Amino acid sequence: MTGAQASQPRVTRLKRRAEFLAVAATRQRWVTPAFVLQAGRQPAPGTEATADIGVGFTASRRIGKAVARNRARRRLIHAARAVLPGPARPGYNYVIVARPAVLTCPFDRLLLDLGTAFARVTRAPAEPGRSRSRS
């Protein structure tokens with residue numbers, strides 16, 4: 001393993017319902033037509049897993065029957081593999097919730113939206129009362 005590979009955070013899968021609920025409770029999210037990306041800090045900062053990036057995928061019955069839900073999840077998993085760990089922040093868990101448009105969205109658009117969402121969902125919010133423009 002080279003030095004560059006050793007310094008990259010590991011991407012792990014979220015599998016337990018409690019992990020998904022903990023991420024949803026933080027209410028940090030980025031919405032696109034094809035998916036919703038939710039983010040939350042990993043619990044227990046004293047554990048060794050804090051340098052990892054946790055990712056979970058979900059598709060509800062709103063997407064369609066089992067075949068459509070599985071296809072939606074597979075598209076999101078494949079897109080996440082192509083994008084991660086680049087824009088994601090270590091020490092965070094992410095949940096990607098499929099929306100019906102994920103089935104018809106062009107894959108390169110999905111990659112672009114996913115990269116943007118990972119970069120922006122954990123960004124610090126602007127202070128109220130301060131303008132973003134510098135005039």
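Which residue in β3 is the bridge partner of Arg29? In this predicted model, the partner turns out to be Gln38. The pairing belongs to a wider match between two strands: β2, covering residues 28–31, runs alongside β3, covering residues 35–41, in the antiparallel sense, with 4 bridges between them. Just 3 residues sit between β2 and β3, and the two strands form a hairpin.

Strand β3 also turns up in the nonpolar interior. The largest nonpolar core counts 28 residues, and the members that touch the most others are Phe35, Tyr94, Ile96 and Phe118. At least two residues of this core come from each of β3, β4 (53–58), α3 (66–83), β5 (92–98) and α4 (107–121). Helix α3 is the top contributor, giving 6 residues. As for Phe118, leaving aside residues up to four places away in sequence, its contacts are Leu37, Val83, Leu84, Pro87, Ala88, Tyr94 and Ile96. Two of these, Tyr94 and Ile96, are themselves on the list of best-connected core members.

Now for the charged side chains. Across the whole structure, a search turns up 3 salt bridges. One of them joins Arg10 and Asp52, with an N to O distance of 3.0 Å. Arg10 sits in the loop between α1 (3–7) and β1 (11–13), while Asp52 sits in the loop between β3 and β4, so this pair ties together parts that lie 42 residues apart in sequence. The two ends have contrasting surroundings: Arg10 is exposed, at 55% relative accessible area, whereas Asp52 is buried, at 11%.

Another salt bridge brings together the side chains of Glu19 and Arg16, at 3.4 Å from N to O. Here Glu19 is partly exposed, with a relative accessible area of 22%, and Arg16 is exposed, with 57%.

That leaves the pair in helix α4. The side chains of Asp113 and Arg109 meet in a salt bridge, again with 3.4 Å from N to O. Both residues lie in α4, 4 residues apart, which is about one turn of the helix. Asp113 has a relative accessible area of 10% and counts as buried, while Arg109, at 45%, is partly exposed. Helix α4 therefore carries this salt bridge pair and also supplies at least two residues to the largest nonpolar core, where buried means under 20% relative accessible area.

Technical notes. Residues are numbered from 1 along each chain as its sequence is written. This is a predicted model: local features need pLDDT of at least 70, side-chain atom pairs count only at pLDDT 80 or more; totals for chains, interfaces and linings use all residues. Side-chain values use heavy atoms; hydrogens and water are left out. Two strands pair if DSSP finds at least two bridges between them. A nonpolar core is a set of buried Ala, Val, Leu, Ile, Met, Phe, Trp, Tyr and Cys residues joined through side-chain atoms within 4.5 Å. Buried means under 20% relative accessible area, exposed over 50%, partly exposed in between (1.4 Å probe, protein chains only). Contact means heavy atoms within 4.5 Å. A salt bridge is a side-chain nitrogen of Lys or Arg within 4 Å of a carboxyl oxygen of Asp or Glu.
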